[in-house]
Amino acid sequence: MGRLRDVLVTSYYLSVHVESHRLLINQSYFDIVRWFPDMRPMVDGDEFRLIANPRTIEGPHVVIGGPVDGVWYHWLVNWCARLLILKQLRPDIFDDPSVRFLIDVAASKPPFIDLVRAMGVDENRITFVSESGEDVLVKDAILVSFPDQRFLYPDLVRDFAAAVRQAFDVATVEPAKPSMIASWLGRRPASALRGGRRIFTSRQAFPNPKRRIHNFEAVAEVLNRFGFEIVNLAELSARDQVEMFAAAEFVVGVHGSDLADLMFCSPGAQVLVIENQRNVTMGIAASLDVLCQIVSARYHHMIVEEAIDPDADYASFTDEHNRDVIVPPDALERELQAMGCLPLDES
């Protein structure tokens, strides 16, 4: 974290210190050239090239940035988490009305803005900018290092989740003491959060392949029989999402950024993530496993086949990664029962 004069903030919230000609890579995603090849400035080896006609922003501004790709996961663990880091290191800044916050305009709407408010930032102190619309020259910039998106930092995740729960007045649920009788009788042990909510995070509202469930009607029959709430988290406020996950006994969903809400789960919650083999092989699936470990939730996953469109171009990793999936209903039922999740008529 530091304070610099004359910082040029470009696309994807990369920052350039004008006087020293330094490109501050730790202000955005790691290996950003690979993931966002159209970004500015263009990086060529250890050098960068930039031609800009920026808009000047006067007054001290904390450069937060925002959900440049609209991904809830990165908003929670990277962008918005900067506000927690700032509060821990410089709490006085939140009490100084002369200091404003530079935030992506994509975060001006719920549920993103809900978390900005929860972290103690008044909206009248925000300067909204677009990561792609224009370059801005911040005359007095307060920079908070970007948490590397390749890693999850346990203390940061726990502290951020706790701060949000406190702001929304949402308590974690204490797990019930395990019963030894079931084990003695050879029965499946009950969930540590008996009577909690059963949540299925649906991605069916996406208009294009985005890891939706190809055979959703058949899967929905199983989910309904097991008492799952089928929810589209994008339609809910941040408070509602936090309350839902804090009270969840079981969470099921296809791998996606909406499952970043697992950080709000209470200890002992059970999580089943539907994955493809590629995510497991490449280590992408591990992020949700680690997130569960951080909050002491119990992680499970099942690997399923993908729905391949013969007319689709899978040359890019993004298109390949977003293929819809095919979930065998009987396999899902077996996975749920193995977790101790029984149909409503057997509970």
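**Exercise 1. Find which helix supplies the largest share of the lining of the largest pocket in this predicted model.**

Solution. Start with the answer: α10 gives the largest share, four residues. Next, look at who else chips in: α1 (32-35), α2 (72-79), α10 (286-295) and α11 (317-321) each bring at least two lining residues. Then zoom out to the whole lining, which has 45 residues, with Val71, His74, Arg211, Ser257 and His321 lying nearest the pocket's centre. Sort the lining by class and you get 21 nonpolar, 16 polar and eight charged residues. The volume of this pocket comes to about 1,800 Å³.

**Exercise 2. Work out how helices α5 and α8 are oriented relative to each other.**

Solution. Pick out α5 (residues 154-168) and α8 (residues 238-246); they pack at an angle of about 110 degrees, and their axes are 10 Å apart. Angles of 65 to 115 degrees count as roughly perpendicular, so that's the label for α5 and α8. Now see who touches whom: α5 puts in Val164, Arg165, Ala167 and Phe168, while α8 offers Ala238, Arg239 and Val242. By class, that contact has five nonpolar residues, two charged and no polar ones.

**Exercise 3. Identify the buried residues of helix α12 and say what covers them.**

Solution. Go along α12 (residues 329-338) and mark Ala331, Leu332, Leu336 and Gln337 as buried. Here, buried means under 20% relative accessible area. Then check what sits over them: the cover includes helix α7 (216-225) plus strands β12 (248-254), β13 (270-275) and β14 (298-303). Finally, step just past the end of α12, where Gly340 has a positive phi of about 90 degrees.

Terms used:
Residues numbered from 1 in each chain as written. Predicted model: local features only at pLDDT ≥ 70, side-chain atom pairs only at ≥ 80, totals over all residues. Heavy atoms only, no water. 1 Å grid on protein atoms, 1.4 Å probe; cavity = no way out; pocket = protein on both sides within 12 Å on 5 of 7 lines; lining within 4 Å. Points joined across faces, edges and corners; volume = space filled by probe spheres on them. Nonpolar A, V, L, I, M, F, W, Y, C, P; charged D, E, K, R; others polar. Buried < 20%, exposed > 50% of the residue type's maximum accessible area, 1.4 Å probe, protein only. Contact = heavy atoms within 4.5 Å. Axes fitted to C-alpha atoms, helices over the stretch in contact; angles between N-to-C directions. Parallel < 35°, antiparallel > 145°, perpendicular 65-115°, else oblique.
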